[in-house]
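Q: Please give me a close look at one part of this model: the salt bridges. I would like to follow the pairing side chains one by one, along with how buried or exposed they are.

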Amino acid sequence: MSGLGIRIAALLTIAIVVVIALVTLLAVQLLGPPGGPMGGGGYRAFDRLALASALLFDASPGDADRLAAVHGLQIAAAPPEGRELRQESDAASTLLARRGVETPVVIVETAEGPPLSTVRLRDGRWLTFAESPRGGPPRRDWIVFAFWLLLIATGTAGVVTFAVLRVTQPLRMLERAAAAVGPDGELAPLPERGPPEVRAAAQAINRLSSGLRNAMESRMRLVAAAGHDLRTPMTRMRLRAEFIPEGEDRDRWLADLAELDRIADSAIRLVREEVDPDARHPVRIDAMVDDIVAELAEIGLDVRMTRASPAFSDVRPHAMKRALRNLVVNAATHGQAAAVAVTVTAQSVIVAIEDSGPGIPDALLERVFEPFFRVDPARKAPMPGAGLGMAIAREIIRRNSGELAVTNRPAGGLVQVVTLPLWRASEEAIA
């Protein structure tokens, strides 16, 4: 059950139990404690009072005095002084009448001791009974009351939990569906079965997933079509530029056409990453990075390897190499020089790429992943490129269950950190 469901179930259970407890206590105050109007132990005292009243009620005064002395009772002309407990008195009178003795009972609370019960005899005198049928429930009755509340709380919690689970099932389904969305935005269709609210939620999520998938496919088709359609006019323009006489204008035309070609090629590569069929398997990341560093150093870029801890990750090798190469090239060109380190933690493989450039304004750090975004103000000189390198790299890394973060170094420059899940098999198993 989710946190919201637990809170709702707990709130309803506590509310119901508190209401039942308050109503029960109010009933005890108005109608008498548990066990009857006279309390849990009141009926035993009432039985003795009823028996004594039946023996002495119709007896002659002399016989009444003799029997009272034998049983340790007192007979007086009037009830003892004290505060009458009207509710207990009326209840005792009613119960005594049901036993066949029609006479008033007065229960008096005195300052000297426990309450006294007095019964008026036929001769007008009052029989005083020291043991009163008045009083609250004994400890055993309170234990029964607490156990009764516990049973109510347990049953209420079960019913409320079941109801909350049914009510919040669409929310849990929505939570699971959102968590199941991968980097590619794909979501497996949910089964449309169960209660009406669950079916409605599943249908809504399936419609949302279908619309999202169609929107992404439409975006990819648009980008791919634009990239391909640009190729034809650019080819014609390049042919025409070749016939321009040698000079500054001809070089500018060819440079602009080369830039347009890189933009179109980057857009097409971005689309290809969306549908890349490259299979994932364990790859030694430090060896891959070492190959990239050696390749770029051969073509004259200032790139060096500072640390290479043996590390394996389950990735698409061709796509991952393309992403890491792109990041290292960015650091070496825009950041003047690149220092690459591969380290391993308990759960991850970390590739840190540091450069010596001016860095990026903090406000623009997240925007570097936007397609076609350029951070020219942060660079010393404009560099060629379409502005898709970081977007493509993060797309590849996320599709391989990793993450890419970019931060400014305190000492100056930029650090690009690639975090990939660690594959825990040995090298011999891969070989």
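**A close look at the salt bridges**

A: Happily! Let's begin with E395 and R399, which are joined by a salt bridge whose closest N and O atoms lie 3.1 Å apart. Please keep in mind that this is a predicted model. Both partners belong to helix 10 (residues 389–399), and because they are four residues apart there, about one helical turn separates them. In general, an α-helix has 3.6 residues a turn, so residues three or four places apart point the same way. As for their surroundings, E395 is buried, and R399 is buried too.

Just beside this pair in numbering comes another one to look at. R398 makes a salt bridge with E403, and here the closest N and O atoms are 3.4 Å apart. R398 has a relative accessibility of 34%, so this arginine counts as partly exposed. E403 is likewise partly exposed, because its relative accessibility is 34%.

Now turn to R284 and D286, whose side chains meet in a salt bridge at 2.9 Å, N to O. Here the two ends sit in different settings: R284 is partly exposed, at 29% relative accessibility, whereas D286 has a relative accessible area of 5% and is therefore buried, the cut-off being under 20%.

Stepping back, a search of the whole structure turns up seven salt bridges, and those described here are among them: E395 with R399, E403 with R398, and R284 with D286. As a general point, side chains of opposite charge can pair when their charged atoms come close.

Technical notes: Residues numbered from 1 in each chain as written. Predicted model: local features only at pLDDT ≥ 70, side-chain atom pairs only at ≥ 80, totals over all residues. Heavy atoms only, no water. Salt bridge = Lys/Arg side-chain N within 4 Å of Asp/Glu carboxyl O. Buried < 20%, exposed > 50% of the residue type's maximum accessible area, 1.4 Å probe, protein only. Helix = DSSP H or I, 4+ residues; strand = E, 2+ residues; numbered from the N terminus.
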